[in-house]
Protein chains: 2
Amino acid sequence: MNVGGRSMRTIWLEPDGWSVGVIDQTALPHRLVTARLTTLAEAAHAIRAMVIRGAPLIGATAAYGLCLALREDASDEGLERAYATLIAARPTAINLKWALDEIMAVVRNRSRTERPAAAYRRAAEICDEDVAINTGIGRSGLPLIEAVAAKKKPGERVNVLTHCNAGWLAAVDVGPATAAIYMAHDKGVPVHVFADETRPRNQGASLTTWELGQHGVPHTLIADNTGGHLMQHGMVDLVIVGTDRVTANGDVCNKIGTYLKALAARDNNVPFYVALPSPTIDFTLADGVADIPIEQRNAEEVATMRGRTADGRIETVQIAPAGTPVVNYGFDVTPARLVTGLITERGVIAASRAALARAFPERAGAAQ
Amino acid sequence: MNVGGRSMRTIWLEPDGWSVGVIDQTALPHRLVTARLTTLAEAAHAIRAMVIRGAPLIGATAAYGLCLALREDASDEGLERAYATLIAARPTAINLKWALDEIMAVVRNRSRTERPAAAYRRAAEICDEDVAINTGIGRSGLPLIEAVAAKKKPGERVNVLTHCNAGWLAAVDVGPATAAIYMAHDKGVPVHVFADETRPRNQGASLTTWELGQHGVPHTLIADNTGGHLMQHGMVDLVIVGTDRVTANGDVCNKIGTYLKALAARDNNVPFYVALPSPTIDFTLADGVADIPIEQRNAEEVATMRGRTADGRIETVQIAPAGTPVVNYGFDVTPARLVTGLITERGVIAASRAALARAFPERAGAAQ
């Protein structure tokens, strides 16, 4: 998407043809900093330290991490070591393992000299495939926004509420939850986004606002507590969020707090959509609330806040009494009954076992 | 309640018999600082700058502010000027006007020399009456906690979730939403509180955690996004929140985000109680969502966060891109249909027009 008027991805091959550029997301939203990854160690660090984040982008970075490793050591042993290093960088990220396995598949049966070029080709494809999937999601979701716009009076905007960041900063480009929004905006549909702050890590306040602002999409930052009030007063036309995992039943695991917005949407007859690349569907699980383990993260994320001081320093401040007990669940599960539809690259699908099996028969069948 | 093992109120007459001590809540939770108010100007500043906050405490401080003003100038003109100064300090606080009118009523028909002593007597009564009302609320709410405790296995705790701070720091002592919790704890009932952070002003993270911690009540700080997940997994036995205004229908206006917790409570069959001194009921309004104007506060509260750095400085940090548009509603309205009961000094009352009129016939009748 656009940054300062220039088209940009979150990850790219540098002009030297081998080193890898990424946006350093730890510096956002205060400064646009890019990092150049030249070694396996640097790629692993970028994943571990959340220089890059978001499931698809983690996958793409891991793929290029294997490419960089192959330049250093293209032996079978080197490859296995690199694989182990990268997979340990964010052990719960499903896309990471998938992307590494994709690279392994194209290099395993080649000679050492052929391996690097084959790996780079597949890594570039992985990036392009991610963009294609998200573009497909955008095409599926665009009519939902256009249908609301068609009912608006001249000068009125379509108001979309989103939670966390499932935007292009979480992907290679476009982003699942934002794809239809960017498409609508680029077509001249007047769309406006309410971005939930998304405590405790503030991905909404720091990343969603930044990416929408850079691309020129009108938006407003709100505290996570605000969405219910907005929906009660007709200020939200639809909710679109991303997801980390959808079960075969259509239950949606996403950033903590998503469930509360889904409840408010239902209570006020606001459509609640979840945008996702179809690999996010886990056909091996049924009941999301019972079956999806929810990661507990460290207390510091809740007890502190990081930002920029008036004189430009980045500081972390403590907001609770020292030693306050904290519990910090990273995700929650929104039951399928609260989900209006799943926006996928194959269209908008009901959040039900039957509809998901019909839309993805090859995957639903394989999981039986 | 207890602070560092010593019983304390939020406001008190100093040993000199005329100056007024308060806890400076702007320094919490990082340091316990008290302030001594000696003039009208200092009292007005304490209200305006939120050195003290919470409707009952604002009222008590305003009452003492008039006392201090009378020491300087006990003339009718001086009194009117002081009244105008204090009422302008927080124009929307209903208790502030009520407390000032109470003092005016006892001094108006007295000589200048008699006025200060009469005002101080009434100010002290206002404080004691607030403690008595909150103690009454505690007596009403205690059986709700005890009933849950009676069903627990040995070693299990009663888990109460609360939002914002309607604790003793918002009152003179005890606090409405916390009264029953402190009483249960002091009686040996094992009670544990989940305290919502309460963005954007963090009253939960900074004040509720501090006051519970000082009194020794077990508690856990959570992001505002977390309550739904906890309720889905049976980790909350009941919700108790405060309120700024309850309509004749039983609709509840409280800190933004309360409505989302009420929705989650209903979705998971968790009882949702609102604790309030009965003067908070506004019998002149019916439909809370339609009729209660919701204050919009400044963008900085959302775009920034204030806290303590590792080396002990208090800093404000920006968390969103500079210039990000923000909307900051201070309150929301929870419809009566989501409220299990109103905990008042006259008992636990259904959130309905009939029940409220039955419990407070003298006030319901006067508002016809």
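**Domains of chain A**

I started with the domain assignment, which splits chain A into domain 1 (2–127) and domain 2 (136–366). Note to self: this is a predicted model. I then looked up the spacing, and the C-alpha centres of domain 1 and domain 2 of chain A sit 26 Å apart. To their contact, domain 1 of chain A brings 24 residues and domain 2 of chain A brings 20 residues.

**What do the two domains bury between them?**

I get about 1900 Å² for domain 1 and domain 2 of chain A, with 59% of it on carbon and sulfur atoms. I wanted names for the domain 1 side, and three came up: A:Asn2, A:His30 and A:Arg53. Together they supply 29% of the area that domain 1 of chain A buries against domain 2 of chain A, more than any other three residues.

Next I went through the polar side of this interface. I found 0 salt bridges between domain 1 and domain 2 of chain A. Polar contacts do turn up, with 8 residue pairs across the interface of domain 1 and domain 2 of chain A, both partners at pLDDT 80 or more.

I also asked which elements give two or more residues to the side of domain 1 that touches domain 2 of chain A. They are β1 (2–3) and α2 (55–72) of chain A. α2(A) gives the most to that side, with 4 residues. Sorted by class, I have 14 nonpolar, 8 polar and 2 charged residues on the side of domain 1 of chain A that touches domain 2 of chain A.

**Chain A on chain B**

I moved on to the pair of chains. I can lay chain A on chain B with an RMSD of 0.1 Å, using a turn of 180° and a shift of 0.0 Å along the axis. That is how a two-fold axis relates things. The interface fits in with this lookup: 100% of the interface residues of chain A are also interface residues in chain B, so the copies meet through the same surface.

**The A/B interface**

For contacts I noted 65 residues of chain A against 65 residues of chain B. The area buried between chain A and chain B is about 5000 Å², and carbon and sulfur atoms give 60% of that. On the chain A side, A:Asn225, A:Leu260 and A:Ile319 lose the most area to chain B, together 14% of what that side buries.

Then the charges. How many salt bridges link chain A and chain B? I count 8 salt bridges between them, and 46 over all chains. One that I pulled up is between the side chains of A:Arg337 and B:Asp267, at 3.0 Å from N to O. I also picked A:Glu197 with B:Arg199, where the closest N and O atoms are 2.4 Å apart. A:Glu197 lies in the loop between β7 (191–196) and α7 of chain A, and B:Arg199 in the loop between β7 (191–196) and α7 (203–215) of chain B, so this pair joins two chains.

For polar contacts across chain A and chain B, I logged 28 residue pairs, both members at pLDDT 80 or more. Elements giving two or more residues to the side of chain A that touches chain B include α7 (203–215), β8 (219–222), α9 (258–267) and β15 (314–318) of chain A. α9(A) gives the most to that side, with 7 residues. Last entry: the side of chain A that touches chain B divides into 32 nonpolar, 21 polar and 12 charged residues.

Key:
Residues are numbered from 1 along each chain as its sequence is written. Chains are lettered from A and ligands numbered from 1 in the order in which they are written. This is a predicted model: local features need pLDDT of at least 70, side-chain atom pairs count only at pLDDT 80 or more; totals for chains, interfaces and linings use all residues. Side-chain values use heavy atoms; hydrogens and water are left out. Domain bounds come from an automatic or database domain assignment. Contact means heavy atoms within 4.5 Å. Buried area is the accessible area (1.4 Å probe) that two parts lose on being put together, summed over both. A salt bridge is a side-chain nitrogen of Lys or Arg within 4 Å of a carboxyl oxygen of Asp or Glu. A polar contact is a pair of N or O atoms within 3.5 Å; within protein, one must be able to donate a hydrogen and the other to accept it, and residues adjacent in sequence count only if both atoms are side-chain atoms. Ala, Val, Leu, Ile, Met, Phe, Trp, Tyr, Cys and Pro count as nonpolar, Asp, Glu, Lys and Arg as charged, and the others, Gly among them, as polar. Copies are superposed by least squares on the C-alpha atoms of residues with pLDDT of at least 70 in both.
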